[in-house]
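Here are a few exercises to work through with the model open beside you. Try each task before reading its solution.

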Amino acid sequence: MAAITMPKMSDTMEEGKVIKWLKHEGDRISEGDVIAEIETDKANVEMEAFQSGILKKILVPEGETVPVGAAIAELEAVEAVPKFEVPQQPEVVSEQPPKTAEPTVEIAPQYIGEEPKPSAEVAEEKHILASPLARRMAAELGIDLSKVKGTGPNGRITEADVVAYASQAQAAAPSAAPPPSPPSVAAAPPITEVPSEEVELSKMRKTVAHRMSESKQTIPHFYVTTEIEMDWASRVRDELNSIEDAQKRISFTDMVIKACALALAQFPEVNSSYKEDKLIMHKEINIGMAVALENGLIAPVIHNADKKPLREIAVETKRLAEHARSNTLRASEYTGATFTVSNLGMFNVENFVAIIDPPQAASLAIGTIMERPVVIDGEITISKRMKATLSADHRVLDGAKAAMFLNEVRKRLESPIGLI
C-alpha cells in the first residue's frame, strides 16, 4: 500500500487544501490521471497520479487543509490486486443507506430547532435592541436590559441608557444603604460603533500579504522612472494586428515583456537574486506577468522570453492569463520568474511603483499610454507617452545600473522593429 501525499506545487507552498476528489475509493487509476483538485497558495491546481493502482482509501476529505507531504490517500498497486476483486460493486452498494434509515429525515433542522426551545424568554431577548457595549455594561452591573428604556434608533439601548438607569437605581436606593460610590462607567468615553464584518482571507491573498510584507521588510527598494515615446510602437502594433486573428494580436504588455527580456540579456545583474551575501545569476530569462484576480494576485511566467518571437509571446500571455483567471495554472506556469512586469495601464493609471517579488532583484511597473504635448526639435507636437518605473533591490543594483537597464528598455520600445 502506497501513500498519496500532498505535493509541493510551488516554491512557497507549505500546505494545500483538497477542494474536490475526482476519483472515488475503489476506482482504478493510471499514472497521469487527474485525481483531485488542490488549492495552493497561488492557484487551484489539478493533481495527477504519479503511480497506477487502486484508490483504496481517502484520508483527507474535501475542504480540509494539510501540510505538504502529509498523506491524503492510500493507493494499492495494481499488481497486488487480484483481477477478480476489481469490480467491487457490492461494497459500494452496501455503503448506501438502507431504505429503513429514511426516518433520519426527521432530524431536520426544523425539529432540532423547536425541541430545545428554552421558553418565551429567548424570543423576548431577541426583541431587546442594545449595542454590544450596553450589553456588556449591563451584565457587569447586574442590570436587566428589559427594564432599560432605549433612546437609540428604533429604541436601541445604548451605553448611555445603561448608565442613566444605573444612576436612577442608585438614587432610588434606601438611605440606610451605604453611600454609593460614583459608578466608574459614568466616566466611560463615548464610543462610536462602526459597522464592520470579518472576512476570511483566501490562501492566495494570505500569500500575497506574507510575501509583500517580507519584500518590503527585507529588500531595500529604490525606484527609477522614465517616460517612453510610444508613437512608433503603436503604429507597428496596429499594422501587425491588422493581419492577425484575435488570439495572435499583440498587446503593449507583450512588447514590454519582449523589450525587458532583451534588456535583461544585456544587464544580467538585473536578472539575478541576492542570497546570503551572494549573487545568484540566473541562466534563464523568465518574465512574470502580474495578473489581478478577484481573490489575489498571481504572476504567470513566460519562460525564456528573450528567445521567443513577439508573436509567440502574445499567444502565450493570452493563454496564461486565461488559465490564471480560471484557476487552472499548472505549477510550472507560475514559478521560476526572474523578473516581473506589472501593467495597470488598462485602468488609466498614469504611474505607480511595484513591490519586488522575492527573490527577484527588480520589477517594472508601466502605466497607461497618454497623448500629450511635447517639444521635439523646438516644436510642440502631440505624442503618445508611457511612464515606466523600475523597482530595484539596492543590495544587487545601484542607481546607475538600474537607470541604464531602464534606458535600454526605453530604447527597445522606441525602436520596436527589434522586438519583432
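## Exercise 1: Helix 8

Helix 8 (residues 252-266) has 15 residues, and from its first C-alpha to its last it reaches 21 Å, close to the 21 Å expected at 1.5 Å a residue. The expected span is 1.5 Å times one less than the number of residues. Helices here are DSSP runs of H or I with at least four residues, and strands are runs of E with at least two, both numbered from the N terminus.

Before going on, note that this is a predicted model: local features need pLDDT of at least 70 and side-chain atom pairs count only at pLDDT 80 or more, while totals for chains, interfaces and linings use all residues. Residues are numbered from 1 along each chain as its sequence is written, and side-chain values use heavy atoms, leaving out hydrogens and water.

**Task.** Work out why helix 8 is described as largely enclosed by the rest of the structure.

**Solution.**
1. Apply the burial cut-offs: buried is under 20% relative accessible area, exposed over 50%, and partly exposed in between, with a 1.4 Å probe and protein chains only.
2. Look along the helix; among its buried residues are Val256, Cys260 and Leu264.
3. Twelve of the 15 residues of helix 8 are buried, so the helix is largely enclosed by the rest of the structure.

## Exercise 2: The cores

**Task.** Which element gives the most to the largest nonpolar core?

**Solution.**
1. Define the core as buried Ala, Val, Leu, Ile, Met, Phe, Trp, Tyr and Cys residues joined through side-chain atoms within 4.5 Å.
2. The largest one has 74 residues, and those touching the most other members are Ile72, Ile287, Phe339, Leu364, Phe405 and Leu413.
3. Helix 8 gives the most to this core, with nine residues.
4. Follow Leu364: its contacts (heavy atoms within 4.5 Å) include Val256, Cys260 and Phe339.
5. A second, separate core has 13 residues, including Ile128 and Val162.

## Exercise 3: An open sheet

**Task.** Which strands stand at the edges of the sheet with the order 5-4-2-7?

**Solution.**
1. Take pairing to require at least two DSSP bridges between two strands.
2. This open sheet has four strands with antiparallel pairing.
3. Strand 5 (44-48) and strand 7 (65-67) are the edge strands, as each pairs on one side only.
4. Check one pair: strand 2 (residues 15-21) joins strand 7 in the antiparallel sense over three bridges, and Glu15 has Pro67 as its bridge partner there.

Key: Lists of a residue's contacts leave out its neighbours within four places in sequence.
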